[in-house]
Amino acid sequence: MVTTQMAASSISAKGFVSFEGLRSTSNVKIASFGHLKQNMRFFHGLVVKAATVVAPKYTSVKPLSDRVLVKIKTVEEKTVGGILLPTTAQSNPQGGEIVAVGEGRLIGKSKVEISVKTGTQVLYSKYVGTEVQFDGSKHLILKEDDIVGILETEDIKDLQPLNDRVLIKVAEAEEKTAGGLFLSESSKEKPSIGTVVAVGPGPLDEEGNRTLLSVSPGNTVLYSKYAGNDFKGADGSDYIILRASDVMAVLS
């Protein structure tokens, strides 16, 4: 299930007809509904899910099994040029630092330890895990398999994918039609072709051994259109991280 997070002050109630049963899965502080109160009759089935707040009396959070605890990276409030971004334009971070790991999991009769260590900077998939407010900071508890890779620099091209993940540099969109007409930015079709930059060590089989992936760095591949997570490189290039199973073909 995809969790919708929203700030009440940024919601316009115009056009809302019938909702009821507004509820929160944990404590949510609403500063002001502003114009939301106007023209609002009912809320039905709308769930607002906030971070679980860990009381100060608890001094540590120990993940279990194949879960890890990630301290979420702070949202960028300014552009590279120093311009302040409004809340709606601030990108939701998908990265952070590993601060605690579980003891691992059993695959068959083999005990497999967590492959990432505390202190490692990682990127993870969207809409995964459980957010917790702990020690004054936002954290995320998620499964190791939800981590897409290790990032030791600020540039996505240096990502080290984990498990069955593949890092692809997306091919540039066509600038012209077959007839030579220039395309506007809005009419350019998002390509599903790119060049493999890096691959993970492969998934674990039933005996806990790694299975090598069928694609390699340098391959030009065709991948599923709606798969993976998109990122922008330091040089402005588009990258996508997806599972090897979402790669449909190697082009040559």
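This is a short chat about a predicted model of a protein, its strands and one buried valine.

Me: Which is it, experimental or predicted?
Reply: Predicted. Everything below describes that predicted model.

Me: OK. How many helices and strands does the protein have?
Reply: Zero helices. The strand count is 18.

Me: And what share of the residues is buried?
Reply: Of the 252 residues in the protein, 32% are buried.

Me: What about the accessible surface?
Reply: About 16,400 Å² for the protein. Carbon and sulfur atoms hold 52% of that accessible surface.

Me: Contacts next. What fraction joins residues at least 24 apart?
Reply: 63%. That is taken among contacts between residues at least 6 apart in sequence.

Me: Now the eight-stranded sheet. Is it open or closed, and what is the strand order?
Reply: Open. The order runs β3-β9-β10-β4-β5-β8-β11-β12, and the pairing is mixed.

Me: Which strands stand at the edges?
Reply: β3 (52-53) and β12 (160-161). Each has a single partner strand, so one side of each lacks a neighbour in the sheet.

Me: Let's zoom in on β8. How does β8 run relative to β11, parallel or antiparallel?
Reply: Antiparallel. Three bridges join β8, residues 121-124, to β11, residues 147-150.

Me: Which residues face each other there?
Reply: Tyr 124 is opposite Ile 147 of β11. Leu 123 has Gly 149 in β11 as its bridge partner.

Me: And β5, how many bridges join that strand to β8?
Reply: Three. β5 covers residues 95-101, and the two strands run antiparallel. In that pairing, Gly 96 stands opposite Val 122 in β8.

Me: Switching to Val 122. Buried or exposed?
Reply: Buried. Val 122 belongs to strand β8, and its relative accessible area is 2%. The cut-off for buried is under 20%, so Val 122 qualifies.

Me: What is Val 122 in contact with, beyond its neighbours within four places in sequence?
Reply: Val 70, Gln 94, Gly 95, Gly 96, Ile 98, Val 116, Ile 147, Gly 149, Ile 150 and Leu 151. Gly 96 on that list is also the residue opposite Val 122 in the β5 pairing.

Me: What separates the C-alpha atoms of Val 122 and Gly 95?
Reply: 5.5 Å. Along the chain, Val 122 and Gly 95 are 27 residues apart.

Key. Residues are numbered from 1 along each chain as its sequence is written. This is a predicted model: local features need pLDDT of at least 70, side-chain atom pairs count only at pLDDT 80 or more; totals for chains, interfaces and linings use all residues. Side-chain values use heavy atoms; hydrogens and water are left out. Helices (H or I, at least four residues) and strands (E, at least two) are DSSP runs, numbered from the N terminus. Buried means under 20% relative accessible area, exposed over 50%, partly exposed in between (1.4 Å probe, protein chains only). Contact means heavy atoms within 4.5 Å. Accessible areas come from the Shrake-Rupley method with a 1.4 Å probe; for residues, only the protein chains shown count as cover. Two strands pair if DSSP finds at least two bridges between them.
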